[in-house]
Amino acid sequence: MTQSKISVKNLNMYYGDFHALKNVNLEVEANQVTALIGPSGCGKSTFLRVLNRMNDLIEGVKVEGSVLLDGCDIYRPEEDVVNLRKRIGMVFQRPNPFPMSVYDNIAYGPRIHGIKDKRKLDEIVEKSLRAAVIWDEVQDRLYKSAIGLSGGQQQRICIARLLAVEPEVLLMDEPTSALDPLATMKIEELIQALKKEYTIIIVTHNMQQAARVSDVTAFFLTGDLLEYGKTDTIFTKPTDKRTEDYITGRFG
Amino acid sequence: MKNSFVYKYLSLRNSESLGRFLTTMAALIAIVSTITIVVFISLKGLSTFTTNGVSLKEFLFSTNWLPDRPLAEGGPQVGVLAFIIGSLVVSMLAVLVSAPLSIACAVFIVEIAPYWGQRFLQPAIELLAGIPSVVYGYIGLSVLVPFIRDNIGGLGFSVLAGFLVLSVMILPTIVSMLIDSLKSLPRDYKEASLALGSTRWQAIRLVLIPAARSGLVTGIVLGLARAFGEALAVQMVIGNTRVMPTSILDPVITLTSAITMDMGNTPMGSLWNNALWSMGLLLLIMSFIFILIVRYGVRRGGISR
């Protein structure tokens, strides 16, 4: 049996007294797109943030169980969180490029990780922008502020910024919820292209999106991972009645 | 029925016009007083050049301050360069000391320890703004001046004492501008940086502080304006000698302290008195420039879209 890229075992998470994730077990395979779906407040975004330890920033959070990345527990006390976040990158719900030039946005990651050589940086910037399929749109305005771009372009800049640090896993927290349909389509195409090289986990509110982009779907409800499996199976013959109700739009 | 409606309508109209009248009057008073003050100072200040025939160049670029020199020895001369330099040096050094401290304070309050910072440090810094300047001057005079005299050298009354006192006085101005600016940044910036594998310090230094730079510049300009215009506290600790300082331990004089020192001793309408008004006009122009920088320069210097 091949080892999963990420393996979550008996994961429980609490915000103070609130039990946000209840005994979650999930295997994420490399080079696949895993979609996390479920109604608001079901814990899917929380779960995503467990994977790159973004929840560390919030006080009163307690995590139990284990999250293995390539077989290694990321909640070990000696885990280097900074290095972990370099390996597991994140795209946020609202596009959040830094208020600096396109170039500096992309070069930010490599720079903080110690790359100073201008030629090398140029190379990384171009490669990342090409990989995020935004190079053609911004190559003439690399040195202008990224804030002036459209929402969809900004989100692809954010993805390019992430690719520049060469992560292994991409976490996407509703990356298209602030975008129009056309921009959404571009991001989805991008996700399809990226999965050849990266392992992608995407949180989405949009059922069609989950069906379109993902290989595996996990359905969360009030902190429980109710069901997970091949996207085709989940969407055509879910085993749990509640999954079916949610997918067919009866609640949520 | 119809009458009562008209009555109501009219009374509404009346109360509305009363409110309108009151607010318009209040606005007019503010505008008129600003204009009259500016006109008055300009007329007074310009009379040095129009009535007394002093050349602008001599006024601004000469260090000879001899307003009571008898005609036999060449007549009075009013060059205020030493005062201008004194003001500039003292205020800029104050900002130089205060700005890094302010950045550290603001970052501490907003990013490092929000609970502790917003509960104790921020009120403490805001209290600094409420301390009367005479108290700052008094403390400077009785603590700082002897300390400098005994431990560093010179008379104690010095550029050093002046800008140290000022740097504390302008700290709250810069800090509060920076706090507002840092708080208004989207939380996402920090998270995005951390998610790329930056340390918290890298996120603060490379993303948050640069993103808040318009607040920093505004704070610095406002701080500079305050330092430039401060008279009392500065006057108490800088010694007020009308010569160019050559080291930070030398005594110095500023435009403001020169005005307060002499204004009681000179007859209205004399060259000496007019020269003081010209210095006042100069201060006014400087503060206009500072305000213009804040209003137009900072916005344009911000993020270009």
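# A tour that starts at Arg187(B)

Begin by selecting Arg187(B): at 54% relative accessibility, this residue counts as exposed, because the cut-off for exposed is over 50%. Before you go on, keep in mind that you are looking at a predicted model.

**Stop 1: from Arg187(B) to Glu191(B)**

Keep Arg187(B) on screen and add Glu191(B). The two form a salt bridge, and their closest N and O atoms are 2.8 Å apart. Colour helix H7 of chain B, residues 187–195, and you will see how the pair is placed: Glu191(B) and Arg187(B) are 4 residues apart in this helix, so about one helical turn separates them.

Is Glu191(B) buried or exposed? Its relative accessibility is 6%, so Glu191(B) counts as buried, in contrast to the exposed Arg187(B).

Now bring in Arg49(A) from the other chain. The side chain of Glu191(B) also meets that of Arg49(A) in a salt bridge, at 3.0 Å from N to O. With Arg187(B) and Arg49(A) both shown, you have the salt-bridge partners of Glu191(B) described on this stop.

**Stop 2: the interface of chain A and chain B**

Arg49(A) and Glu191(B) have taken you across to chain A, which makes this a good moment to show the whole contact. How many salt bridges cross the interface of chain A and chain B? The rule finds 2. Residue pairs in polar contact between the two chains number 6, counting those with both residues at pLDDT 80 or more.

To see which parts of chain A take part, colour helix H2 (81–87), strand S6 (88–91), helix H3 (102–112) and helix H6 (151–163). These are the elements that give two or more residues to the side of chain A that touches chain B.

Next, select the contact residues on both sides: 25 come from chain A and 20 from chain B. The chains bury about 2000 Å² between them, with 65% of that area on carbon and sulfur atoms. Which three residues of chain A supply the most of what that chain buries against chain B? Select Pro99(A), Tyr108(A) and Ile112(A): together they supply 27%, more than any other three residues.

**Stop 3: salt bridges in chain A**

Over all chains the structure holds 22 salt bridges, and several in chain A are worth a visit.

Select Asp104(A) and Arg111(A), whose side chains meet at 3.0 Å, N to O. Asp104(A) is partly exposed, at 27% relative accessibility, and Arg111(A) is partly exposed too, at 37%.

Move on to helix H4 of chain A, residues 118–131. Here Glu126(A) and Arg130(A) lie 4 residues apart, which means that about one helical turn lies between them. Their salt bridge brings the closest N and O atoms to 2.7 Å. Glu126(A) is partly exposed, with a relative accessible area of 29%, and Arg130(A) is likewise partly exposed, at 46%.

Then select Lys5(A), Asp70(A), Arg87(A) and Glu168(A) together; these four are linked in a network of salt bridges.

**Stop 4: strands and a loop in chain A**

Select Thr34(A) in strand S3, residues 33–37 of chain A. Thr34(A) has a relative accessibility of 2% and so counts as buried. What surrounds Thr34(A), leaving aside neighbours within four places in sequence? Its contacts are Val28(A), Ile200(A), Ile201(A), Ile202(A), Ser214(A) and Val216(A).

Now turn to the backbone. Most residues other than glycine have a negative phi. Asn31(A), however, has a positive phi near 55°. You will find Asn31(A) in the loop between strand S2 (18–28) and S3, partly exposed at 36% relative accessibility.

Asn10(A) also has a positive phi, near 45°. Select strand S1, residues 6–15 of chain A, to find Asn10(A), which is partly exposed with a relative accessible area of 44%.

**Stop 5: back to chain B**

For the last stop, colour helix H1 of chain B, residues 2–50, and pick out Ile31(B) within it. Ile31(B) is partly exposed, at 47% relative accessible area.

Show a surface and extend the selection to Leu18(B), Phe21(B), Leu22(B), Met25(B), Leu28(B), Val32(B), Ile35(B), Val39(B) and Leu43(B). Along with Ile31(B), they make a nonpolar surface patch of about 950 Å².

How values were computed:
Residues are numbered from 1 along each chain as its sequence is written. Chains are lettered from A and ligands numbered from 1 in the order in which they are written. This is a predicted model: local features need pLDDT of at least 70, side-chain atom pairs count only at pLDDT 80 or more; totals for chains, interfaces and linings use all residues. Side-chain values use heavy atoms; hydrogens and water are left out. Patches are made of residues with over 30% relative accessible area and no salt bridge: like charges are joined within 9 Å, nonpolar side chains (Val, Leu, Ile, Met, Phe, Trp, Tyr) within 5 Å. Accessible areas come from the Shrake-Rupley method with a 1.4 Å probe; for residues, only the protein chains shown count as cover. Buried means under 20% relative accessible area, exposed over 50%, partly exposed in between (1.4 Å probe, protein chains only). Contact means heavy atoms within 4.5 Å. Buried area is the accessible area (1.4 Å probe) that two parts lose on being put together, summed over both. A polar contact is a pair of N or O atoms within 3.5 Å; within protein, one must be able to donate a hydrogen and the other to accept it, and residues adjacent in sequence count only if both atoms are side-chain atoms.
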